[in-house]
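Got the model open in your viewer? Let's walk through it one selection at a time.

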Amino acid sequence: MRLLLPVILASTVLAAADRPVDPTYLRLHIPSVPAQDLTPTCHYRPVFTSGGIVRGVARFGEFSLDPTASCPSETLAAEEQAWVLVDGSCTLRYGDQQLPLRKNDFFYVPPATPHALSGGPCRAIVMGYKIPASVNIDPPAKPLLANIDDVSKQLVGGHPPSTLYQLLMGDTSSKRDRLAAARVLTSLFLMTITPGGTNFPHHHETEEEIYLLLEGEGDMMAGDNRLPSRPGDAYFFRLNATVGFYASTAPNAKTARILAVRSRFPFPPLRQRVQ
């Protein structure tokens, strides 16, 4: 027995050493992600996709359209999406409707709704979230669409005055967001952080979170790491991961703008039919 116990302990240590440890975050620079050509004029960069530590998020990526582009129509039975047009203009095909889009427009696409972008040039961020295919969600007659420029900046309790928030989209029970639309997505918002400011490091026990630095520079607090970041850097944070941002204190530093989104995991209980 005295000889057997050290062998068991050694085997346990080796097994633990061989077992991979999940990271607390993922980091990618979007311009460095290889683009997929969906058509000769429509391109997609898959930044984060479901798998590994990414659980409830189905996709997070960037569409780019050349002038007079045409993207293939997509209908997803088990995924809701939020879109933000970060540059340019184009046309949204939503069911049998066509709507012009301009920079800073954002909109919600419920499951089982045909949609596509055309026209251009433009760039758009798409965020997709898993919804069980058995859940029947009636799409609104008109797409839920608004523009960031029309959403007021405000302080949010528990956060310092150096950060102002534009609350863009929440779930269907939201009373504070411009669009109360989603089921798994809980909060889509834009943060404006003054040079030298911060939004304080924090974590969420039941929500995954993604940050995309649109403008300015600073350090992203990702887990135990403080990482210098530049525009185009995107971060995915798993449950309970520490996340925060410290805007640059350098002379002539620009104000930082961060597009952020949170989503529930595990999935919330959903009624079989949501009006």
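Which strand pairs with β7 in the antiparallel sense over 4 bridges? Select residues 115-119: that is strand β10, and β7 pairs with it. Here two strands count as paired if DSSP finds at least two bridges between them. Helices (H or I, at least four residues) and strands (E, at least two) are DSSP runs, numbered from the N terminus.

Before going further, a word on what you're looking at. This is a predicted model, in which local features need pLDDT of at least 70 and side-chain atom pairs count only at pLDDT 80 or more, while totals for chains, interfaces and linings use all residues. Residues are numbered from 1 along each chain as its sequence is written, and side-chain values use heavy atoms, with hydrogens and water left out.

**Stop 1: the whole chain**

Colour by pLDDT, the predictor's confidence in each residue, from 0 to 100. The mean for the protein chain is 89, and 88% of its residues reach 70 or more. Now pick residues 1-17: pLDDT is below 50 there, and beyond near neighbours in sequence the stretch has 0 contacts in the model. A contact means heavy atoms within 4.5 Å. Residues 270-275 are also below 50, but that stretch has 16 contacts beyond near neighbours in sequence.

Switch to cartoon and you have 1 helix and 23 strands. Of the 275 residues, 49% count as buried; buried means under 20% relative accessible area, exposed over 50%, and partly exposed in between (1.4 Å probe, protein chains only).

**Stop 2: strand β7**

Go back to β7, residues 90-94, and show its side chains. Cys90, Leu92 and Tyr94 point to one face and are buried, whereas Thr91 and Arg93 point to the other face and are not. That is a pattern to know: in a regular strand the side chains alternate between the two faces of the sheet.

On the β10 pairing, find Leu92, which stands opposite Leu117. Then add strand β8, residues 97-101, which runs antiparallel to β7 and is joined to it by 5 bridges. Thr91 has Pro100 as its bridge partner in β8. Between β7 and β8 the hairpin has 2 residues, and Gly95 takes a positive phi near 60 degrees.

**Stop 3: the cysteines**

Select Cys42 and Cys71. They form a disulfide, with their sulfur atoms 2.0 Å apart; the rule is a pair of cysteine sulfur atoms within 2.5 Å. By that rule the count comes to 1 disulfide. Chemically, a disulfide is a covalent bond between the sulfur atoms of two cysteines. The link of Cys42 and Cys71 is right-handed, with 100 degrees about the S-S bond. It ties together distant parts of the chain, 29 residues apart: Cys42 is in strand β3 (residues 42-51), and Cys71 is in the loop between β5 (69-70) and β6 (79-88). Cys42 is buried at a relative accessible area of 0%, and Cys71 is buried at 4%.

Now compare Cys90, which is in no disulfide. Why is Cys122 not bonded to Cys90? Because the sulfur of Cys122 is 3.5 Å from that of Cys90, its closest cysteine sulfur, which is too far for a bond. Both count as buried, Cys90 at 7% relative accessibility and Cys122 at 5%.

**Stop 4: next to Cys42**

Select Gln36, in strand β2 (residues 36-39). Gln36 is partly exposed, with a relative accessible area of 41%. Leaving aside neighbours within four places in sequence, Gln36 is in contact with Cys42, His43, Tyr44 and Pro46.

**Stop 5: the nonpolar cores**

A nonpolar core here is a set of buried Ala, Val, Leu, Ile, Met, Phe, Trp, Tyr and Cys residues joined through side-chain atoms within 4.5 Å. The largest has 36 residues; Phe60, Val84, Phe106, Met127, Met169, Leu185 and Leu188 touch the most other members. Centre on Phe106: residues it touches include Trp83, Val84, Leu144, Ile148, Met169 and Leu179. Apart from that core lies another, of 21 residues, among them Tyr25, Phe189, Val243 and Ile258.

**Stop 6: strand β21**

Finish at residues 243-247, strand β21. With 4 of its 5 residues buried, β21 is largely enclosed by the rest of the structure. Add strand β18 (residues 218-222), which runs antiparallel to β21 and is joined to it by 5 bridges. Asp219 has Tyr246 as its bridge partner in β21.
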